[in-house]
Amino acid sequence: MQHTICALATGAGGAVALVRLSGPEVRRIVSELIRRPAALEPRKQTLCSIYDGKEVLDKALITYFQAPHSFTGEDVAEFAVHASPYIKGRLLELLCEHGAVAAKRGEFSQRAFLNGKMDLVEAQGLCDLIASGNKAAHKLAMDSLDGKLSARLEEIKKRLSELLAQIEVRLDDVDEEMTPLSDKFVEDEINGVLGHIKALADTFSVGKYIKDGLKTAIVGAPNSGKSSLLNALVGFDRAIVSDRSGTTRDTVEETLEINGQKIILTDTAGIREHALDPAEKEGMRRSHRAMEAADLILFVLDAFRSLTPEEKELWQDICRQNKRTIIVWNKTDLSAQCPLLEEAEKYPSVAVSCKTGEGLERLKKLITADVTEAQTADGLMISNLRHYEALLRAQTELESVLIRLESNAGGEIYAEHLRRALTHLQDLIGEVTPDDVLGIIFSKFCMGK
Amino acid sequence: MFVCEDNYDVIVIGGGHAGCEAALAAAKLGAKTLLLTQSLDTIAQMSCNPSIGGIAKGQIVREIDALGGAMGRVTDHAALHYHMLNTGKGPAVHSPRVQCDKKVYQFTFKHFLELQPNLDIMQDEAVKISVSDRAVDGVLTLRNTFYHAKTVILTTGTFLAGTIHIGTEMFRGGRYNDMPSDGLAKNLRDDLKLNILRFKTGTPMRINARGLDYSKFRLQPSDNPLQPISHFTNAKEQSKRTFLSCYITRTTLETDKILRENFQRSAMYSGHIHGLGPRYCPSVEDKIKKFPEVTSHPLFLEPEGFNTEEYYIQGFSTSMPEDVQRALIKSVPGMENASITRPGYAIEYDFSDPRDLFPSLESKRIPGLFMAGQINGTTGYEEAGGQGLMAGINAALKVQGKEPFVLRRDEAYIGVLIDDLINKGVNEPYRMFTSRAEYRILLRNDNADLRLMPYAFKLGMLDEKYKAPFEKYQALCQKLIEKPALSADEDETELFPWTAEKARTHADIYHKYAGYYERNKKDAEKLAEMDSIKIPEGFDPSAVRGLLFESAQKLASVKPQTLGQAGRIPGVTPADLQLLAVHIERFRRLKNAKAAR
């Protein structure tokens, strides 16, 4: 039986967003979301309230297409909702919470093709789409994580696989040489991991950027035109939500809205002041901290001179951050040649004239590309949503262990849930194979005849 | 050269646990079969421990038995001690283990083979597999006899280019006191160009029990009541037999000291052995080296038979020199006055990369050549027997022009075993563990009959007389699952060898695992769906644009037959599978379009 898959079908912008759901469980999921037994009539639009807990998330126009008379050849429902990033993001999360799975890149079209709804010529485009996701998928996911998150993931992987090994080794220990695992130990381990998972789920939740804003650090030398860029972004947009100085006199935070998305710009002023003491490199450290906290880095460079040693060092630091980064060439004449920057081709770059405003639109598009970049013909925020969903499923499995511990269900049951949790987390932490678990067992315990 | 006038459907090379099952199964399915073995007196020999079963292995024996193999029945016949393992844990990990009289075991098996219609047995050593038109056509032996064959099953155990090590002493052998198969090893490597690799394994010393101080051992009596390992053995009758006990003792600080002082003299640590050994079956010197904080290791004394004083000492596997082995024995409480009858040793041997096999265990390189057991990189009698049975069945089916018989991962440990081997390959001798089976809750020793007998009846691997009782048992289980309150005081006539009590137990276990059962079944259905998407003949995965480079390479080397199999190759991503699915459909449509034109 196929999964029921969901994704956003329309791009960013516009007043109405279309979310699509396809698969055998469409009717059940829709009726659960609208809190009514599904009286869905094929090819009729129905206005329904979509519930998120006790609240109504939005009123949506739902159109139902019955298999095989749909785009994919399966049961399909389309939700037309208000195009607020929060509403569309939350709706996708709700669908996943009710058992749908975030569609993989090209998956709707893939189903359409396999069900004979698409011809060979169209299929070629589909293959390109899937292939483009193949290489990018894992890297994209990993790149969007900062150091703290990947440390959390490592911790989750380590603790879960070691707990599984602890349980498995006792299932194999026929001579009862080992002291049994105490319920308390299992409980503590599970709770520890659950804490990490919940924290991660929060950061992955699609609503996060929308609610909290996208943290963007502007870094670069003082004379590179950082401040003018900040002013240009803020000034031209005239959409300042608040304007306050940062907690330290060296950072300025501006909150603004670009393309309907909340952005928190952090300007790390004052590299030069402290650079008087080169050994300390306080300025460098400060921009480093700002970058660590950021979701996005804007590296501003003056296009009319070659890079200073400080800038080169800063660039290395940026590359090490492994984050979404945009290189901003600040210049008045956009036709001029930019100086060389190593590995610049790995990141998007844009030339901007703060005076004329040229290039600013493109920069804004790049800034909000966090939402639009992962957008494909049939999917939005794929990596984020899929990760969120994975965390949710893993959480359910781990909570099941806690419940089953109470009835003393036994190691083979706990192991079953742990293995499933690990499988759900696979895209985030990498695969943990039975052989990996055996590896832990043999390296930690003296087993075997 | 004498060319034998008989034309065989199947020739099995090797008479170990894989070869014996293979020969019996092929012959049972009507294939004219020849079993070639170096020595008839060592057929089905238990070269290592005198026991069958164990964790996960016991489940495999039950599966072999349910599929009509002989291992379970021979074991019950030769049993000298029964022990159901893990009874304190959930039923999914209960595993039967049976100590056997070694000699009774091998001669019972030999007798089974002799009685089997369609099966010839010949004492001779195969030295060359003849291939013409890229397919197997016969076998040449050391006596220069040529046998025609449509298929050949290789079950060479540790014999291929075998080398034995005791300390720094090193000599050629396929097993202690047996010749290695050097001719065949050369043939496989140089002529057939199989991808040959090398593994190492070992066995502990045997001792004479005369002079043992049993007061220093912990007694482990045989289970009472006992549970036969074969579905077809009458438990009541079996219980009337006499059984022996096993004994447990431990290594001491003195053992530790002796090992430490002599590390450099061990074959393993002196650099004489190059083959990779198993992590889970470490020699005692390995244990000391890797776990210096553990100062005492358990040792199990297992009787080698009813009519012998020899004991096998589980836990004392070693490749130390003989003098060190003698000192080791004396360092163990209760064994101070015992003497070694056969020293422990390590052995290195050739095996062939199992990724070159189809799920039927037929070679992708040489049509008609099947392989089972240690030649595929596994270890253990049970793992060998399971593969032997499947290779025997599939060789016979091939000769009869029928579809291969393949077990899925949710159907049997044998399915997990073969699927792992052919998709993941091996980097140490592969032993089964319950943790390798993601459907562990479905794959239990208590339901092997329900899982596999329907296939066995269909194939013709089981006597028809069991069909009616089995179906009655199936129905009873179903009834008790649906109505747990029903009393099981069922009419037991015509139910033998099954009992109403067993059905009741089955229903109870089902209810214990109820939710998990359903979930696993659902997953299994998805798996089956993926496995039902065949990668068509002529489809070239390397021509699929957009696959990750590594995936394309792996797909090209493993050549999976279904989309499901492709997904189980390590490193193949979901996006790769999406691409494959689309391209398979595309390939199918283009082919249809061409056919229509």
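Select A:Ile5 in this predicted model. Opposite A:Ile5 stands A:Ser22, which belongs to β2 of chain A.

Extend the selection to residues 5–8 and 16–22 of chain A, which are strands β1 and β2. These two strands run antiparallel and are joined by 4 bridges.

Next, display the sheet around this pair. It is an open sheet of 6 strands in chain A, with mixed pairing, and its order is β3-β4-β5-β2-β1-β6. Then colour β3 (45–52) and β6 (101–102) of chain A, which stand at the edges. Each has a single partner strand, so one side of each is left without a neighbour in the sheet.

Now show the whole of chain A. Its secondary structure comprises 17 helices and 13 strands. Of the 449 residues in chain A, 42% are buried. Among the contacts in chain A with a separation of 6 or more, 66% are between residues 24 or more positions apart.

Finally, bring chain B into view and turn to the interface. Here 39 residues of chain A are in contact with 43 residues of chain B. On the chain A side, select α3 (107–114), α4 (120–143), α5 (147–172), α15 (411–424) and α17 (434–444), the elements that give two or more residues to the side touching chain B. Pause at α4 of chain A, which supplies the largest share of that side, 11 residues. Colouring by residue class completes the tour: the side of chain A that touches chain B has 19 nonpolar, 13 charged and 7 polar residues.

How values were computed. Residues numbered from 1 in each chain as written. Chains lettered and ligands numbered in written order. Predicted model: local features only at pLDDT ≥ 70, side-chain atom pairs only at ≥ 80, totals over all residues. Pairing = 2+ DSSP bridges. Contact = placed C-beta atoms within 7 Å. Nonpolar A, V, L, I, M, F, W, Y, C, P; charged D, E, K, R; others polar. Buried ≥ 20, exposed ≤ 12 C-beta atoms within 10 Å, placed from the backbone.
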